[in-house]
Amino acid sequence: MKIDNLNIVAREIPNARPGQKRFSARVQALYVIDEAGRRKVSHQFGDA
């Protein structure tokens with residue numbers, strides 16, 4: 001399996017307290033190529 005396209009959305013977290021994370025990122029779309037061809041991966045990756 002090979003990653004064909006990966007879209008990541010990052011945003012700054014408003015009102016982040018000192019010492020807390022200031023940014024959040026989420027995979028918006030992930031496409032892979034495998035034996036079956038090119039396809040979009042349907043999965044909720046969550047924020048990181």
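A residue counts as buried when its relative accessible area is under 20%, as exposed when it is over 50%, and as partly exposed in between. In this predicted model, Asp34 has a relative accessible area of 18% and is therefore buried.

**Salt bridges**

The count of salt bridges comes to 3. The table gives the partners and the N to O separation of each pair.

| Acidic residue | Basic residue | Closest N to O separation |
|---|---|---|
| Asp4 | Arg38 | 2.4 Å |
| Glu12 | Arg22 | 3.0 Å |
| Asp34 | Arg39 | 3.1 Å |

The salt bridge between Asp4 and Arg38, at 2.4 Å from N to O, connects distant parts of the chain: Asp4 lies in strand β1 and Arg38 in strand β3, which covers residues 37-40, with their positions 34 residues apart in the numbering. Asp4 has a relative accessible area of 35%, a value between the 20% and 50% limits, so this residue is classed as partly exposed.

Glu12 and Arg22 form a salt bridge with their closest N and O atoms 3.0 Å apart. This pair also links distant parts of the chain, 10 residues apart, with Glu12 in strand β1 and Arg22 in the loop between β1 and β2 (23-34). Both partners are partly exposed: Arg22 has a relative accessible area of 47%, and Glu12 has a relative accessibility of 45%.

In the salt bridge between Asp34 and Arg39, the closest N and O atoms are 3.1 Å apart. Here the two partners fall into separate classes of accessibility. Asp34 is buried at 18%, whereas Arg39 is partly exposed at 36%.

**Ring contacts**

Where does the charged end of Arg38 sit? The charged end of Arg38 is placed over the ring of Tyr31, at 4.3 Å from the ring centre. Arg38 thus appears in two contacts, one being the salt bridge with Asp4 and the other the placement over Tyr31. As for pairs between aromatic rings, a search of the whole structure finds 0.

**Nonpolar surface patch**

Which residues form a nonpolar patch on the surface? The patch consists of Ile3, Leu6 and Ile8, which together have about 290 Å² of accessible area. Ile3 belongs to strand β1, which spans residues 2-12. With a relative accessible area of 55%, Ile3 is over the 50% limit and is therefore exposed. Strand β1 accordingly contains Ile3 of the patch, as well as Asp4 and Glu12 of the salt bridges.

Technical notes. Residues numbered from 1 in each chain as written. Predicted model: local features only at pLDDT ≥ 70, side-chain atom pairs only at ≥ 80, totals over all residues. Heavy atoms only, no water. Patch = residues over 30% accessible without salt bridge, like charges linked within 9 Å, V, L, I, M, F, W, Y side chains within 5 Å. Areas by Shrake-Rupley, 256 points an atom, 1.4 Å probe, with all protein chains shown as cover. Salt bridge = Lys/Arg side-chain N within 4 Å of Asp/Glu carboxyl O. Helix = DSSP H or I, 4+ residues; strand = E, 2+ residues; numbered from the N terminus. Buried < 20%, exposed > 50% of the residue type's maximum accessible area, 1.4 Å probe, protein only. Phe/Tyr/Trp six-rings, centres within 6.5 Å; stacked < 30°, edge-to-face > 60°. Lys NZ or Arg CZ within 6 Å of the ring centre and 35° of its normal.
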